[in-house]
Amino acid sequence: MKLSEQNLFLDSAMRDWVLIPILIVMILVGVLRHNVTKLIDSKPKKLSSLALREQRILTRAGALRFNHFVIPPSSFLSRRSFLIQKLSDGSYLQPKSGGGDEKEGGSDQSTPNPFDPANMDGMMDQMKKSMVMMVPQTVIMGWINFFFSGFVLIKLPFPLTLRFKLMLQRGIDTPDLDVTWVSSLSWYFLNLFGLNAIYRLLLGDDNAADGTRDMASMSGAGAVNAMQSAPGQAPDFKKLHLAERDNLELAGLDLLELSDNGGGKKNQTSSLDAKNRWVGDGIEDRVLALYGEI
Amino acid sequence: MASTSSASSDTDVNAAIQWLAEQRKRPIRKSFEIVQRGELVIEKGGLNKLGDELWSFLEQVGMAAMDLGKWELAELCTSRLHSRFPDSARVACLQGMLMEAHGEPSKALEYYESELAKDETSIVLSKRLISVIRSLPRSHPKGGPEKAIDALVKHLDTFYNDPEGWQELAEIYAELGMYNQSIFALEELMLLTPQNSFYVLQYAETLYTAGEVDKAYKAYLRVLEMCGEVTKSQLRSKSKHQKTQVEALEQDGPGPWLRALWGLKLCTTHLLSSKPSTSTSKEEIRAEKVESIDELVTKLLLQTAYSPDLDASTKDLRDSVRNVLSVSST
């Protein structure tokens with residue numbers, strides 16, 4: 001109990017010249033970072049129309065696969081064969097700028113060149129952003145370390161366990177000091193992690209002022225992200241097209257089996273094309289049932 | 001007195017801003033009211049109150065001013081937007097529209113083409129370009145519906161998931177009497193937005209016009225199925241509220257229900273009269289089914305025309321019903 005009774009008398013000048021300045025500087029740096037990030041934020045890169053075309057053919061195949069039941073079977077089958085042909089011969093693929101067509105299927109394609117100019121743009125962007133985050137944090141931390149190391153600034157109004165000592169009393173090497181006393185460097189960290197709500201109040205919801213988010217993306221999560229986004233930036237559309245073609249081919253098969261299970265008796269004599277089910281099959285009965293006629 | 005008047009003008013401005021914001025979410029084009037209220041906001045210095053909404057406000061008022069031929073206002077809005085967003089395709093569209101509104105479509109066409117060369121993936125610019133091409137007469141070297149079709153096909157090859165583009169393509173084809181191509185475009189439209197019953201109705205009508213009565217029959221039935229539930233509840237609620245049927249259908253009508261009924265009646269009449277030829281070609285449509293559907297449709301149509309709630313002013317409706325139904329009975 002002796003520890004909790006210890007009294008430290010802090011100079012009020014410390015509050016005026018250390019506690020509040022650190023807080024204000026932190027807030028201002030956050031606002032500054034928000035604006036600088038906005039300034040250097042490059043626009044999302046525009047796709048060329050051929051790249052867009054290459055993606056939209058997949059959308060088209062997907063739409064056909066999901067909603068094919070709304071159009072008559074004959075229309076579906078003609079579209080299906082058209083898309084299967086286009087997807088397999090790659091006529092919707094974006095023409096490659098380099099002469100890399102000869103190395104088809106090689107391991108070369110699975111590992112994109114990390115120094116490809118297209119990818120460098122994204123990397124450069126990330127670098128810039130993390131620089132905007134890193135530089136002010138380093139400067140402020142150096143500033144606090146240089147001028148205010150070893151200051152005790154505030155006392156928390158609630159008791160804490162001993163474990164928090166490491167967190168709250170950074171820069172003070174007094175083992176007997178109560179945990180509720182907070183050092184200047186720790187005050188800095190408290191601000192760093194706790195000012196997010198204030199930034200949101202000042203700058204709106206999607207602000208770039210919060211340093212911790214960048215930090216989180218820098219460590220663990222960032223590494224995973226980078227790993228995923230590097231191949232994700234330039235997905236191999238040739239493979240995607242072939243995969244979509246396989247899906248489309250299966251879409252037809254799926255229907256065949258369905259109609260065999262469901263109305264096998266009715267469709268036995270009809271040709272393969274007519275077996276594809278669509279909304280038109282048995283729609284008379286459904287409409288009649290809707291009006292209570294049968 | 002002065003304070004009350006300023007307060008009332010303040011509330012006026014606020015109300016106008018609110019009304020305009022609501023209007024922006026609706027597809028209705030009330031150009032006169034928009035310009036009226038927009039001018040009020042500008043005159044009373046309400047632009048500062050708009051904040052981030054200022055830009056969409058300017059776009060809205062600018063477009064409405066073009067409709068009314070208020071060039072000064074339109075140019076004010078456009079130039080302000082242009083100075084703020086010099087690279088925006090949306091603003092470029094506005095400037096092109098201003099040229100179109102001035103009656104200089106060829107100039108606008110060139111402008112759109114030069115803007116598209118800068119940003120080839122801008123879907124809004126591409127659409128504007130197509131609309132200009134369509135509005136130009138055939139005599140123009142770059143204009144006319146055929147050129148518009150070419151441009152649209154190219155547009156849709158790149159921007160596949162643009163329902164408006166497919167709709168436009170279907171419309172142009174139908175205008176030129178190329179119904180099969182129009183049907184193709186409508187099928188794509190249905191693939192993209194399978195839940196819209198109006199597209200299915202258009203599809204059914206185009207099929208019927210093209211002479212594909214079997215498919216049209218199925219498509220009309222599909223429309224009925226898609227708005228079936230609504231119809232039932234509305235028929236019931238109507239008898240309660242003593243509304244006339246026509247009124248109810250016009251006010252909160254169940255989508256394309258009535259139109260589909262008429263179309264379906266035409267189809268069944270056709271199918272029943274030419275039974276032998278169709279039954280051999282397509283075994284899916286069976287005569288007894290068509291007959292029962294025909295009965296149902298006739299009943300529903302008669303209900304629409306001869307409901308006890310109707311007054312005498314619907315004589316025309318009854319006459320037309322009688323005309324159509326008499327064809328089928330003979």
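**Exercise 1.** At roughly what angle do the axes of helix α10 (residues 163-175) of chain B and helix α11 (residues 179-192) of chain B cross? Work out their relative direction too, keeping in mind that this is a predicted model.

*Solution.* Start with the geometry: the two axes come within 8 Å and cross at roughly 160 degrees. Next, the cut-off: angles over 145 degrees count as roughly antiparallel. So α10(B) and α11(B) are roughly antiparallel to each other. As for handedness, the crossing is left-handed. Now look at who does the touching: α10(B) brings residues including W166(B), L169(B) and Y173(B), while α11(B) answers with, among them, A185(B), L186(B) and L189(B). Sorted by class, this contact has 11 nonpolar, three polar and one charged residues.

**Exercise 2.** Do the same for helix α7 (residues 105-118) of chain B and helix α8 (residues 123-135) of chain B.

*Solution.* Here the axes sit 9 Å apart, at an angle of about 155 degrees. That makes α7(B) roughly antiparallel to α8(B). Their crossing is left-handed. On the α7(B) side you'll find L109(B), Y112(B) and L116(B), among others, meeting residues of α8(B) that include L129(B), V132(B) and I133(B). The class tally is nine nonpolar, two polar and three charged residues.

**Exercise 3.** Which helix of chain B gives the most to the side that touches chain A?

*Solution.* First, count heads: chain B puts in 25 residues and chain A 28. Then list the helices of chain B that each supply at least two residues: α9 (145-158), α11, α13 (213-226) and α18 (287-305). The top contributor is α13(B), with six residues. Finally, chain B's side breaks down into 10 nonpolar, five polar and 10 charged residues.

Conventions: Residues numbered from 1 in each chain as written. Chains lettered and ligands numbered in written order. Predicted model: local features only at pLDDT ≥ 70, side-chain atom pairs only at ≥ 80, totals over all residues. Axes fitted to C-alpha atoms, helices over the stretch in contact; angles between N-to-C directions. Helix = DSSP H or I, 4+ residues; strand = E, 2+ residues; numbered from the N terminus. Parallel < 35°, antiparallel > 145°, perpendicular 65-115°, else oblique. Left-handed = near helix turned anticlockwise from the far one by under 90°. Contact = placed C-beta atoms within 7 Å. Nonpolar A, V, L, I, M, F, W, Y, C, P; charged D, E, K, R; others polar.
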